[in-house]
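Here are my notes on this model. They go element by element, with the structure shown first.

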Amino acid sequence: MTIMVEDIMKLLCSLSGERKMKAAVKHSGKGALVTGAVAFVGGLVGGPPGLAVGGAVGGLLGAWMTSGQFKPIPQILMELPPAEQQKLFKEAMAIIRHLEWTDAVQLTALVMGSEALQQQLLAMLVNYITKELRAEIQYDD
C-alpha cells in the first residue's frame, strides 16, 4: 500500500472514530431463508394454523438473526482489501486534492481544521459504506 493511500485510510479512520461510527452488514438472505423454512415446517406439522404460527416465529427468528453485529468503522476500513481501499482513496482525493501534506498526522490536522472538508469526507464515507458494503451505520453517543 502506498504511503498516500495509508494516510487517507488513517484520516478516514480518525474521522469516523471521532464520530464513534459503527456499521453492520445486513444478512437479509439468511433471514428470509430461516423465515421460509420455519413457516414450511410449521405448515407441515400444524396445517394452516401451523403455517401462520411458523411464519410468525420464523419472521421473529429471521429478524433476530439478521440484526447484525456493529463493528467500529475504523476496524472495517483497515480490513478492506487493497482494491477497495484504493477506491476510497480516489474518492477522498477528489475532495482533498488541493491540500499538501507530508504525513497522516499533518493531513488529519488540516482536515480537522475545516468543518466543510470533514462533512464532505464523512458524506463520501457514509455513501461508500451504505452503497458498496450495504451496511447500516450507527452513531454511538
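1. Start with Glu91. This is a predicted model, and in it Glu91 sits in helix α4, which covers residues 82-96. Glu91 is partly exposed, at a relative accessible area of 31%. That label applies because the value falls between the 20% limit for buried and the 50% limit for exposed.

2. What does Glu91 touch beyond its neighbours within four places in sequence? The contacts there are Met124 and Tyr128. On the backbone side, the C-alpha atoms of Glu91 and Leu121 are 8.7 Å apart. Along the chain, 30 residues separate Glu91 from Leu121.

3. Next, the nonpolar surface patch. Four residues make it: Phe40, Val41, Leu44 and Val45. Its area is about 460 Å². Leu44 belongs to helix α2, residues 28-66. Leu44 has a relative accessible area of 61%. Leu44 therefore counts as exposed, since the cut-off is over 50%.

4. Helix α1 runs over residues 3-18, 16 residues in total. From first C-alpha to last, α1 spans 22 Å. That is close to the 22 Å expected at 1.5 Å a residue.

5. Which residues of α1 are buried? The hydrocarbon side chains on the list are Val5, Ile8, Leu11, Leu12 and Leu15. Met9 and Cys13 are buried too. So are Asp7 and Ser16 in α1.

6. Check the residue after this helix as well. Lys20 follows α1 and has a positive phi, near 50 degrees.

Conventions
Residues numbered from 1 in each chain as written. Predicted model: local features only at pLDDT ≥ 70, side-chain atom pairs only at ≥ 80, totals over all residues. Heavy atoms only, no water. Patch = residues over 30% accessible without salt bridge, like charges linked within 9 Å, V, L, I, M, F, W, Y side chains within 5 Å. Areas by Shrake-Rupley, 256 points an atom, 1.4 Å probe, with all protein chains shown as cover. Salt bridge = Lys/Arg side-chain N within 4 Å of Asp/Glu carboxyl O. Helix = DSSP H or I, 4+ residues; strand = E, 2+ residues; numbered from the N terminus. Buried < 20%, exposed > 50% of the residue type's maximum accessible area, 1.4 Å probe, protein only. Contact = heavy atoms within 4.5 Å. Expected span 1.5 Å × (residues − 1).
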